[in-house]
Amino acid sequence: MRKYSIAFLLSCCCFFLQAQPPFVKIKNHQFSLNNRPYYYMGTNYWYGGLLALNKDPGRGKERLRKELDFLKDNGVSNLRVLVGAEGKGLVNGVERLTPAFQTEQGKFNTEILDGLDYLLYEMSKRRMYAVLFLSNNWEWSGGFLQYLSWNKVITDSVMKSKLNWDDLRDNTSKFYSCKPCHEDYEKQLRLVLNHVNKYTKRKYTDEPAIMAWEIANEPRPMRASAVDAYKKWTSSVAKLIKSIDKNHLVTLGTEGIMGTEESPELFKEVHSPGEVDYLTLHIWPKNWGWFRDTSIVSGLPDVISRTREYIRKHEETALELNKPLVVEEFGLPRDHHSFDPASSTLSRDKMYDTIFDEWSRSREKGGAIAGCNFWAFGGSARPVPKQEFWKEGDDFMGDPPQEEQGLNTVFDSDQSTWKLIRSYALRD
């Protein structure tokens, strides 16, 4: 048997530790990376796991690598990504995201995870980190409505029809008390967490490029009558993930107080369990009526004032819970509500500047606002002329299928926005 010196063995261990990227951890109200505070600039790249599946390299793996390089060069190191869509066909009257991960109830196209494998593999090369959301409160990827339809809580025709806001709330709120829906969701969750990355050969539970699991995109009770079931479900899923995965963080994916029936108390309560590592908030001035019609420029002062107030209200809660806070979705249409990539983003840039300023202030004083992920990066994709909505086969961009393409997307050509992002992200 060959004998090795202690010094040689120690050097091998040190090399392994250096080669193995670290996991993001929590230390009080901060993220921690390599035992140092981790404050990050990020974006939503929800379609990132689908790009590598495109058989055309220029629209697939090549595009992905170029866009990751672009983001890294501009100081963006954190990506919020969808794991996969549920079901197929129309939902709430619109096309849903394709291809699907859970194609039918309990049946999975695991080749979809090949694309996510490749994304995580390329991110790990660049020391970038992913937040992976496991399902969706909204219809564009199937989500909760699909689980309800599969389990006959709502009819297939209801799911496919265009629902008004009250009907959508009534139906979606039923998810939280639907035990078979939870079982279907958990089957998908367990499959994903135990999946082995074909490129890194690591289980996802051991994959350092993953920063956190998010139980869903914008889970909200939708109705006051569902609050108790909502609290029970969010808490139970966080506990389940932690029982399977000891390495990664867990968060809920809420919009903040707007997503908890405008109840600060409920927002605080659902983020209080020890298994929930950090808080999130989203900011959507258009959806929330912070300006009227297309008058973004004239309504901008109110938008900025409300944005700062909303962030600081959640910051107080984060400090009370001694947990980090991430502003993980925020967006604004281009000036005059244009979808043209050549049109002005002056108003959007001013809103972004407000949010980045709050994040920078927190970073400088070691505060709780630890990260921000703007919605959403569209990279080199562009809207199809004279076509408002996404169709199967189109390039993915920041706007999901139910929204006008170009509505909130930040393209790689938006020079003023990228100059602003760099000024904050690359600041010493």
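## Disulfide

A disulfide joins C178 to C181, with an S to S distance of 2.2 Å. The model is a predicted one, and a search of the whole structure finds 1 disulfide in it. A disulfide is a covalent bond between the sulfur atoms of two cysteines. The link of C178 and C181 is right-handed, with 70 degrees about the S-S bond.

Both C178 and C181 are buried. Another cysteine, C372, counts as buried because its relative accessibility is 0%, and the cut-off for buried is under 20%.

## Packing of helices α8 and α9

Helix α8 covers residues 179–193 and helix α9 covers residues 227–244. The two pack with their axes 11 Å apart and at an angle of about 25 degrees. Angles under 35 degrees count as roughly parallel, so α8 is roughly parallel to α9. The crossing of α8 and α9 is right-handed.

Helix α9 also bounds the loop that holds R223: this residue is placed between β9 (210–214) and α9. R223 counts as partly exposed, at 22% relative accessibility. R223 and E111 are 112 residues apart along the chain, and their C-alpha atoms are separated by 36 Å.

## Aromatic pairs

A search of the whole structure finds 41 aromatic pairs. One of them is formed by W46 and Y47, whose ring centres are 5.3 Å apart with 85 degrees between the planes, an edge-to-face arrangement. W46 is buried because its relative accessibility is 2%. Y47 is buried as well, with a relative accessible area of 0%.

A further edge-to-face pair is that of F70 and W418, at 4.8 Å centre to centre and 85 degrees between the planes. What does this pair tie together? F70 lies in helix α3 (residues 61–73) and W418 in helix α13 (residues 415–425), so the contact links parts that are 348 residues apart in sequence. On the side of α3, F70 counts as partly exposed, at 24% relative accessibility. On the side of α13, W418 counts as buried, at 2% relative accessibility.

## A charge over a ring

The residue range of helix α3 begins at 61. The charged end of K61 sits over the ring of Y118, at 4.6 Å from the ring centre.

The loop between α3 and β5 contains S77. Is S77 buried or exposed? S77 is buried, because its relative accessible area is 14% and the cut-off for buried is under 20%. S77 and V131 are 54 residues apart in sequence, and their C-alpha atoms are 11 Å apart in space.

## Cis peptide bonds

Most residues other than glycine have a negative phi, and most peptide bonds are trans. The peptide bonds described here are cis, including the one from T98 to P99, where omega is near 0 degrees. P99 is found in the loop between β5 (78–82) and β6 (102–104).

Where is the cis bond whose omega is about -5 degrees? This bond joins W375 and A376. A376 is placed in the loop between β13 (369–374) and β14 (377–379).

## Residues with positive phi

N28 is not a glycine, yet has a positive phi of about 60 degrees. The residue is found in the loop between β1 (25–27) and β2 (30–33). N28 counts as partly exposed because its relative accessibility is 46%, and exposed residues are those over 50%.

E262 is not a glycine either, and has a positive phi of about 55 degrees. The place of E262 is in the loop between β10 (249–251) and α10 (264–270). At 57% relative accessibility, E262 counts as exposed.

Terms used. Residues are numbered from 1 along each chain as its sequence is written. This is a predicted model: local features need pLDDT of at least 70, side-chain atom pairs count only at pLDDT 80 or more; totals for chains, interfaces and linings use all residues. Side-chain values use heavy atoms; hydrogens and water are left out. Rings of Phe, Tyr and Trp (its six-membered ring) pair if their centres lie within 6.5 Å; planes under 30 degrees apart count as stacked, over 60 as edge-to-face and the rest as tilted. Buried means under 20% relative accessible area, exposed over 50%, partly exposed in between (1.4 Å probe, protein chains only). Helices (H or I, at least four residues) and strands (E, at least two) are DSSP runs, numbered from the N terminus. A charge sits over a ring if NZ of Lys or CZ of Arg is within 6 Å of the ring centre and within 35 degrees of the ring normal. A disulfide is a pair of cysteine sulfur atoms within 2.5 Å. Axes are lines fitted to C-alpha atoms, for helices over the stretch in contact, and angles run from 0 to 180 degrees between N-to-C directions. Angles under 35 degrees count as roughly parallel, over 145 as roughly antiparallel, 65 to 115 as roughly perpendicular and the rest as oblique. A crossing is left-handed if the near helix is turned anticlockwise from the far one by less than a right angle, and right-handed if clockwise.
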